[in-house]
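Hello,

Here is the structure I promised to pass on to you. Please open it alongside this email, and then read on for what turned up.

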Amino acid sequence: MNTSRLKTKISLLGALLFVGLLSITTTFGQTRYTGNSGNVTIDGTSTLHEWNMKSSNGQTHVTMTLKDGQIADISALSFTIDATSLKSNKSGLDKNAYKALNTSANKNITYKATSGTVSKSGSNYIIKTNGTLTIGSTSKPLALSSTATVNSDNTVSVKGSATFKMSNYGVTPPTVMMGTIKTGDEITITYDTKLKN
């Protein structure tokens, strides 16, 4: 074989190996964290009084890099909750809420980030994501801002909230007592979870 051609092939092979090692290093720098019991509260209003529904069954998956106890970056985030796990102290409200959400056909509420940034704020971190929230059969863009804290055991506590109108997602605000009590269109979802790798 021609010596110059052999040198070229060896150089090309070396370059490919370097790229491969770089890719592996980047992948191993990222860690997948999971929160299996995220708390979610939905707060709303009605013509009679304020109301809320709660669940502790939220499932969160985050891929991020932790270096020396510091969050360096985030590359993926997703959240899922079974809508029927949300409960208020009024069974009538729950029933009508599930009907409005059409949980028989679309059981889960999901959020999937398409991009994210991390910045330091004192001893905490601000995680900002742009993503898609899916309620029922409707998906809409939603930006979230969450506060994260790295704990001494390298778990990460995350909390935040978002306010939007149910009608934006094709949900008709539920009613109670034959429609005499009507809920407001705007709701606030508050969430918190502890992530472990």
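One definition before anything else, as the element names below depend on it: helices (H or I, at least four residues) and strands (E, at least two) are DSSP runs, numbered from the N terminus. Please also keep in mind that this is a predicted model.

**Confidence**

The average pLDDT of the protein chain is 84, and 83% of the residues score at least 70. The stretch to treat separately is residues 6–28, where pLDDT stays under 50. For those residues the model has 2 contacts beyond four places in sequence.

**Overall layout**

The protein chain holds 2 helices and 10 strands. Read from the N terminus, the order of the elements is α-β-β-β-α-β-β-β-β-β-β-β. Of its 197 residues, 34% count as buried. Among contacts with a separation of 6 or more, 57% are between residues 24 or more positions apart. The chain exposes about 11,800 Å², and carbon and sulfur atoms supply 54% of that area.

**The two cavities**

How many cavities of 30 Å³ or more does a search of the whole structure find? There are 2.

The largest has a volume of about 410 Å³. Its lining is made up of 29 residues, and those nearest its centre are Leu77, Phe79, Tyr111, Leu144 and Tyr191. Many strands take part: S1 (31–44), S2 (51–67), S3 (70–82), S4, S5 (124–135), S6 (138–150), S7 (156–165) and S10 (186–195) each supply at least two lining residues. Strand S10 gives the most, with 5 residues. By residue type, the lining of the largest cavity divides into 21 nonpolar, 7 polar and 1 charged.

The second largest cavity has a volume of about 180 Å³. It is lined by 15 residues, with Ile42, Leu101, Met166, Val171 and Ile187 closest to its centre. The elements giving two or more residues to this lining are S2, H2 and S10. Which of the elements gives the most to the lining of the second largest cavity? That is H2, with 3 residues. The lining of the second largest cavity has 15 nonpolar residues, no polar ones and no charged ones.

**Helix H2 and the loop after it**

Since H2 came up in the second cavity, have a look at Ala97, which lies in this helix. Is Ala97 buried or exposed? Its relative accessibility is 6%, so Ala97 counts as buried. Leaving aside neighbours within four places in sequence, Ala97 is in contact with Met53 and Pro174. Ala97 and Pro174 are 77 residues apart along the chain, yet their C-alpha atoms are separated by 5.5 Å.

Thr103 sits in the loop between helix H2 (91–101) and strand S4 (108–121). Thr103 counts as buried because its relative accessibility is 14%, and the cut-off for buried is under 20%. Beyond its neighbours within four places in sequence, Thr103 is in contact with Ala83, Thr84 and Tyr98.

**Lys67, Asp68 and Asn154**

Lys67 is placed in strand S2. With 54% relative accessibility, Lys67 counts as exposed. The C-alpha atoms of Lys67 and Gln30 are separated by 10.0 Å, and these two residues are 37 apart along the chain.

Asp68 belongs to the loop between S2 and S3. Asp68 has 79% relative accessibility and therefore counts as exposed. The backbone here deserves a look, because most residues other than glycine have a negative phi. Phi of Asp68 is near 55°, a positive value in a residue other than glycine.

Asn154 is another case, with a positive phi near 70° in a residue other than glycine. Where is Asn154 placed? It is in the loop between S6 and S7. Asn154 counts as partly exposed because its relative accessibility is 42%.

If you want somewhere to begin, try the two cavities: the elements giving two or more residues to the lining of the second largest include S10, and S10 also gives the most to the lining of the largest.

Happy browsing, and best wishes

How values were computed: Residues numbered from 1 in each chain as written. Predicted model: local features only at pLDDT ≥ 70, side-chain atom pairs only at ≥ 80, totals over all residues. Heavy atoms only, no water. pLDDT = per-residue confidence, 0-100. Contact = heavy atoms within 4.5 Å. Buried < 20%, exposed > 50% of the residue type's maximum accessible area, 1.4 Å probe, protein only. 1 Å grid on protein atoms, 1.4 Å probe; cavity = no way out; pocket = protein on both sides within 12 Å on 5 of 7 lines; lining within 4 Å. Points joined across faces, edges and corners; volume = space filled by probe spheres on them. Nonpolar A, V, L, I, M, F, W, Y, C, P; charged D, E, K, R; others polar. Areas by Shrake-Rupley, 256 points an atom, 1.4 Å probe, with all protein chains shown as cover.
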